[in-house]
Amino acid sequence: MVAQGFTVDLDKPLVHQVGHLGEAYQEWVHQPIVSKEGPRFFASDFWEFLTRTVWWAIPTIWLPVVCYSISVSIRMGRTVPEVALLVVFGIFIWTLMEYTLHRFLFHINTTSYWGNTIHYLLHGCHHKHPMDGLRLVFPPAATAILLVPFWNLIKFLATPTTAPALFGGGLLGYVMYDVTHYYLHHGQPTVEVPKNLKKYHLNHHFRIQNKGFGITSSFWDKVFGTLPHSKSAKNR
């Protein structure tokens, strides 16, 4: 049951509170609190530990898996140019997954207790506390679980010799995404391309949250019509 007039206490663990917001959750979660110190999620130290991940853990853990997967296709007889193309295609597949997950799963509207709670753990926490550096990349334990169906799907669709390289490419795309995402929030780019990408992503957080779902590029936003209008265009 949703408590009437429920107010979240930011000084207490949040995960078991947000579900009680009911229909008010969407408005609450999209009012960001800009602070590098994130809130506590769980009373349990163990579960709290699992929600915090330093950014460099992502390449450290997953790049060896990427290299191993690519090497398997080479050892199975695929040429280096063939494997390179498969890796690039895997990265391309990831960019579509990145957009699709962000738009249709991470920004799903929820009102129930468990719906709000799961959404907050998946993505809502990032919109509420966008500068929380320890909850910006995806926890490796959760990634490992999700990689199982991802690998099985690729294995089903591809041949035995191409599947490992495609998997490695997709995983490399994910690593590039997570590291880029962290940099867009905490880096200070001086080159035009990353500066524009940072501006594009922060626009999604602080101005138009139902547009601009691409993180590593705006390509799929252009394809699917979710490119946000610029302020200058809006004022014409």
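In the predicted model, tyrosine 99 has a relative accessibility of 1% and therefore counts as buried. This residue belongs to helix α5. Beyond its neighbours within four places in sequence, tyrosine 99 is in contact with Phe213, Gly214, Trp220, Asp221, Phe224 and Thr226. The C-alpha atom of tyrosine 99 is separated by 20 Å from that of isoleucine 58, a residue 41 positions away along the chain.

Tyrosine 99 and these contacts can be placed against the database annotation. An unreviewed UniProt entry lists residues 87-226 under "domain: Fatty acid hydroxylase". Over residues 87-226 the model is 70% helix and 0% strand, and the end C-alpha atoms of the span are 27 Å apart. The unreviewed entry also lists residues 54-71, 83-101 and 136-154 under "transmembrane region". For residues 54-71, helix accounts for 83% and strand for 0%, with the end C-alpha atoms 28 Å apart. For residues 136-154, the corresponding values are 79% helix and 0% strand, with a distance of 27 Å between the end C-alpha atoms.

The nonpolar interior was examined next. The largest nonpolar core comprises 26 residues, and those with the most contacts inside it are Ile58, Trp62, Leu147, Ile154, Phe167, Leu171 and Tyr174. Two or more residues are given to this core by each of α4 (57-75), α5 (80-105), α7 (140-157) and α8. The greatest contribution comes from α8, with 10 residues. Tryptophan 62, when its neighbours within four places in sequence are set aside, is in contact with Pro140, Thr143, Ala144, Leu147, Leu171, Tyr174 and Val175. Another core lies apart from the largest one; it has 12 residues, among them Val8, Val18, Leu21 and Phe41.

Helix α8 also takes part in a contact with helix α9. The two helices, spanning residues 163-186 and 192-206 respectively, pack at an angle of about 85°, and their axes are 9 Å apart. Helices α8 and α9 are therefore roughly perpendicular to each other, since angles of 65 to 115 degrees are assigned to that class. On the α8 side, the contact involves Thr180, His181, Tyr183, Leu184, His185 and His186, which meet Pro194, Leu197, Lys198, His201, Leu202 and His205 of α9. By residue class, the contact consists of five nonpolar, six polar and one charged residue.

Two further buried positions are in contact with each other. Threonine 162 is located in the loop between α7 and α8; at 11% relative accessibility this residue counts as buried, because the cut-off for burial is under 20%. Outside a window of four places in sequence, threonine 162 is in contact with Ser73, Arg78 and Leu86. Threonine 162 and glycine 90 are 72 residues apart along the chain, whereas their C-alpha atoms are separated by 10 Å. Serine 73, for its part, lies in helix α4 and, with a relative accessibility of 0%, likewise counts as buried. Residues up to four places away in sequence being excluded, serine 73 touches Arg78, Val83, Thr161, Thr162, Pro164 and Ala165. Arg78 thus appears among the contacts of serine 73 and among those of threonine 162. The C-alpha atoms of serine 73 and arginine 40 are separated by 43 Å, with these positions 33 residues apart along the chain.

Arginine 40 is also one of the contacts of lysine 12, the other being Gln17, once neighbours within four places in sequence are left aside. Lysine 12 lies in the segment that precedes α1 (15-18). The C-alpha atoms of lysine 12 and threonine 117 are separated by 15 Å, the two residues being 105 positions apart along the chain.

Methods: Residues are numbered from 1 along each chain as its sequence is written. This is a predicted model: local features need pLDDT of at least 70, side-chain atom pairs count only at pLDDT 80 or more; totals for chains, interfaces and linings use all residues. Side-chain values use heavy atoms; hydrogens and water are left out. Axes are lines fitted to C-alpha atoms, for helices over the stretch in contact, and angles run from 0 to 180 degrees between N-to-C directions. Helices (H or I, at least four residues) and strands (E, at least two) are DSSP runs, numbered from the N terminus. Angles under 35 degrees count as roughly parallel, over 145 as roughly antiparallel, 65 to 115 as roughly perpendicular and the rest as oblique. Contact means heavy atoms within 4.5 Å. Ala, Val, Leu, Ile, Met, Phe, Trp, Tyr, Cys and Pro count as nonpolar, Asp, Glu, Lys and Arg as charged, and the others, Gly among them, as polar. UniProt positions are given in the numbering used here, feature names are shortened, and annotations may be inferred rather than shown by experiment. A nonpolar core is a set of buried Ala, Val, Leu, Ile, Met, Phe, Trp, Tyr and Cys residues joined through side-chain atoms within 4.5 Å. Buried means under 20% relative accessible area, exposed over 50%, partly exposed in between (1.4 Å probe, protein chains only).
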